[in-house]
Amino acid sequence: MPHLSGRLVVASHNAGKVREIGALLAPLGVEAVSAGDLGLPEPEETETTFVGNAALKARAAAEASGLPALADDSGLEVFGIGGDPGVYSARWAGPNKDFGFAMQRVHEELQKRGATDFSARFVCVLAMAEPDGAVETFEGEARGMIVWPPRGTKGFGYDPIFQPNGLDRTFGEMSHDEKLPMTHRARAFEKLLASLK
């Protein structure tokens, strides 16, 4: 059973992700400090599942810092291209983290396969690790569809091409506060919080 109090390491060097997790933690009175701010190395993501990568990152940060650590592994699964980019969502953006390029690649793959299924889901697995190596994981998802061309300049990553089910705007067109409750990350967080009760 994870416990949350005092300082917690967010095992990420992605500023957008750290900000989002920090906002979710703030009401609990937890101070989120990023692995980047602590100068912790980024472990190589060698697992082939979201659960595996999240656990690997959380465990590495908890061991290196001596603090509880929360890691997230998340990505976009597009069903018309076999669930890609999936765990490789960040890698599709290349070394420069160019998500314009990554979104273009999703679009081209869908065209190449003559896809008629544009449904997709964002997946997030949160892993909570204690310095002693104990890890718990929680999964959330947000379902929607891929739209083209990209719309909106808010958000980050694949947000401008992801339109959640039942809405006519993409995550990229929504304010942070509007988008957050609908995200895969918020849903995984709800499960984590339920485990703390």
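Visitor: Before we look around, what makes two rings of Phe, Tyr or Trp a pair?

Guide: Welcome! The model here is a predicted one. Rings of Phe, Tyr and Trp pair if their centres lie within 6.5 Å.

Visitor: Which residues form one aromatic cluster?

Guide: Let us start from one pair, Phe122 and Phe162, whose ring centres are 4.6 Å apart. Both of these residues are buried. The aromatic cluster takes in one further name, and its members are Phe122, Phe162 and Phe171.

Visitor: Is the pair of Phe122 and Phe162 stacked, edge-to-face or tilted, and what is the angle between the planes?

Guide: Planes under 30 degrees apart count as stacked and those over 60 as edge-to-face, with the rest called tilted. The rings of Phe122 and Phe162 count as tilted, and the angle between their planes is 55°.

Visitor: How many residues apart are Phe122 and Phe162?

Guide: This pair links distant parts of the chain. Phe122 belongs to strand S5 (residues 119-129), while Phe162 belongs to strand S7. Their separation is 40 residues.

Visitor: How many aromatic pairs are found in the whole structure, and what is the angle between the planes of Phe99 and Tyr158?

Guide: The search of the whole structure gives four aromatic pairs. One of them joins Phe99 and Tyr158, with 5.3 Å from centre to centre. This pair is edge-to-face, and the angle between its planes is 80°.

Visitor: Which parts does the pair of Phe99 and Tyr158 tie together?

Guide: Tyr158 is buried, at a relative accessible area of 4%. The pair ties together parts 59 residues apart in sequence, because its two members lie in separate elements. These are helix H3 (residues 99-112) for Phe99 and, for Tyr158, the loop between strand S6 (135-146) and strand S7 (162-164).

Visitor: Which ring does the charged end of Arg105 sit over?

Guide: The distance from the charged end of Arg105 to the centre of this ring is 3.9 Å. The ring belongs to Trp92.

Visitor: What covers the buried residues of helix H1?

Guide: Helix H1 spans residues 15-25, and its buried residues are Gly16, Lys17, Val18, Glu20, Ile21, Leu24 and Leu25. Their cover includes three strands and two helices: S1 (7-10), S2 (31-34), S3 (69-78), H4 (176-179) and H5 (184-196).

Visitor: How many residues apart in sequence are the parts tied together by Asp72 and Arg185?

Guide: The side chains of Asp72 and Arg185 meet in a salt bridge, at 2.7 Å from N to O. Asp72 lies in strand S3 and Arg185 in helix H5, so the pair ties together parts whose separation in sequence is 113 residues.

Visitor: Are Arg121 and Glu139 buried or partly exposed?

Guide: These two form a salt bridge, with their closest N and O atoms 3.9 Å apart. The pair links strand S5, home of Arg121, with strand S6, home of Glu139. Buried means under 20% relative accessible area. With 15%, Arg121 is therefore buried, whereas Glu139, at 35%, is partly exposed.

Visitor: Where do Arg151 and Glu173 lie?

Guide: Their side chains meet in a salt bridge of 3.2 Å, N to O. Arg151 is partly exposed at 27%, and Glu173 is partly exposed at 25%. Arg151 lies in the loop between S6 and S7, and Glu173 in the loop between S7 and H4.

Visitor: Which residues do salt bridges that share partners join into one network?

Guide: The structure holds 13 salt bridges. The bridge between Arg121 and Glu139 is one of them. Salt bridges that share partners make one network of Glu77, Arg121, Glu139, Glu141 and Arg143.

Conventions
Residues numbered from 1 in each chain as written. Predicted model: local features only at pLDDT ≥ 70, side-chain atom pairs only at ≥ 80, totals over all residues. Heavy atoms only, no water. Phe/Tyr/Trp six-rings, centres within 6.5 Å; stacked < 30°, edge-to-face > 60°. Helix = DSSP H or I, 4+ residues; strand = E, 2+ residues; numbered from the N terminus. Buried < 20%, exposed > 50% of the residue type's maximum accessible area, 1.4 Å probe, protein only. Lys NZ or Arg CZ within 6 Å of the ring centre and 35° of its normal. Contact = heavy atoms within 4.5 Å. Salt bridge = Lys/Arg side-chain N within 4 Å of Asp/Glu carboxyl O.
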